[in-house]
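Student: I'm new to this one. Could you walk me through it, question by question?

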Amino acid sequence: MKLEILAQEFAVCALPDFSQVDGSASFCFASKTDREFSLVCTPEAIPANALRVQRGWRAFRVAGQLDFSLIGILAGITDVLARARVGVFVVSTFDTDYVLTAQADFDRALAALAQSGYEIKAQT
C-alpha cells in the first residue's frame, strides 16, 4: 500500500459555525454533527471565529482512489501507529483516507509504517 506525504502543516479547529470558512482553500475538511463544527485546514486558512485551534499537525494520504468494498485499510494503518504509540486524527473523503499526526510524532509514524511494509512517497 502506498502512502503519500503531504507537504503542508495542518490545524484542527472547533468553530461556532462555518460562516468564515474559506471553502476555496487548498485543504478544507469541514464536518458538522449535532454537537460540533470542526475544520481541518492549513494554518493560513484558520477562520477568525475559531473557538479552539490545535496547530502542528502533519498528514499523509492513502495514494490513489479506494473502492468502498475495500476492508481494513485504516485498521491496518492505525494498528501500526497504535503499536508505535502515535495518536492520529483521521479524515476520509469519497476517494481516500487522510491520516494526521502531531508534527513531533510524524517521522516516527512514517518509520513505523515503512518498517511494516507501507511504501512512503512525497506528494506529487
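Here is a chat that goes from confidence to helices, cores and single residues.

Student: Before we start, what kind of model is this, and what is the mean pLDDT of the chain?
Tutor: This is a predicted model, where local features need pLDDT of at least 70, side-chain atom pairs count only at pLDDT 80 or more, and totals for chains, interfaces and linings use all residues. Residues are numbered from 1 along each chain as its sequence is written, and side-chain values use heavy atoms, with hydrogens and water left out. pLDDT is the predictor's confidence in each residue, from 0 to 100. Here 91% of the residues reach 70 or more, and the mean pLDDT of the chain is 91.

Student: Which element has the highest mean pLDDT?
Tutor: Elements here are DSSP runs numbered from the N terminus: helices (H or I, at least four residues) and strands (E, at least two). At the low end sits β8, with a mean pLDDT of 90. The highest value, 98, belongs to strand β2 (residues 10-15).

Student: How far apart are the end C-alpha atoms of α2?
Tutor: Helix α2 has 13 residues, 103-115. The expected span is 1.5 Å times one less than the number of residues, so α2 should span 18 Å. The model agrees with that, as the end C-alpha atoms of α2 are 19 Å apart.

Student: Which residues of α2 are buried, and which are exposed on the other side?
Tutor: Buried means under 20% relative accessible area, exposed over 50%, and partly exposed in between (1.4 Å probe, protein chains only). D105, F106, A109, L110, A112 and L113 are the buried ones in α2. They cover an arc of only 165 degrees around the axis (taken from the directions from the helix axis to the C-beta atoms), which puts them on the same side of α2. On the other side of α2, the exposed residues are A104, D107 and Q115.

Student: What do the buried residues of α2 pack against?
Tutor: Packing here goes by contact, meaning heavy atoms within 4.5 Å. For the buried residues of α2, the partners are β1 (2-5), β5 (52-62), α1 (73-83), β7 (97-102) and β8 (119-122).

Student: How wide is the arc of the buried residues of α1?
Tutor: The buried residues of α1 are I73, I77, V80 and L81. Seen down the axis, they line one face of the helix, because they fall within an arc of 95 degrees. The face turned away from them carries the exposed residues A82 and R83. So the arc asked for is 95 degrees.

Student: Which residue with a positive phi follows α1, and is that residue buried or exposed?
Tutor: Look in the loop between α1 and β6, where R85 lies. Phi of R85 is near 60 degrees, a positive value in a residue other than glycine. With a relative accessible area of 73%, R85 is exposed.

Student: Which element gives the most residues to the largest nonpolar core?
Tutor: A nonpolar core is a set of buried Ala, Val, Leu, Ile, Met, Phe, Trp, Tyr and Cys residues joined through side-chain atoms within 4.5 Å. The largest has 17 residues, and L3, F60, I77, L81, L113 and Y118 touch the most other members. β1, β5, α1 and α2 each give two or more residues to this core. The top giver, with 5 residues, is α2.

Student: How are F27 and F29 arranged as an aromatic pair?
Tutor: Rings of Phe, Tyr and Trp (its six-membered ring) pair if their centres lie within 6.5 Å; planes under 30 degrees apart count as stacked, over 60 as edge-to-face and the rest as tilted. F27 and F29 are 6.1 Å apart centre to centre, with 40 degrees between the planes. That pair is therefore tilted.

Student: What does F89 contact away from its sequence neighbours?
Tutor: F89 lies in strand β6 (residues 89-92). At 29% relative accessibility, F89 counts as partly exposed. Leaving aside neighbours within four places in sequence, the contacts of F89 are V12, V40, W57, Y98, V99 and L100.

Student: Is C13 buried or exposed?
Tutor: C13 is found in strand β2. Beyond the neighbours within four places in sequence, its contacts include F37, L39, C41 and V53. At 2% relative accessibility, C13 counts as buried.
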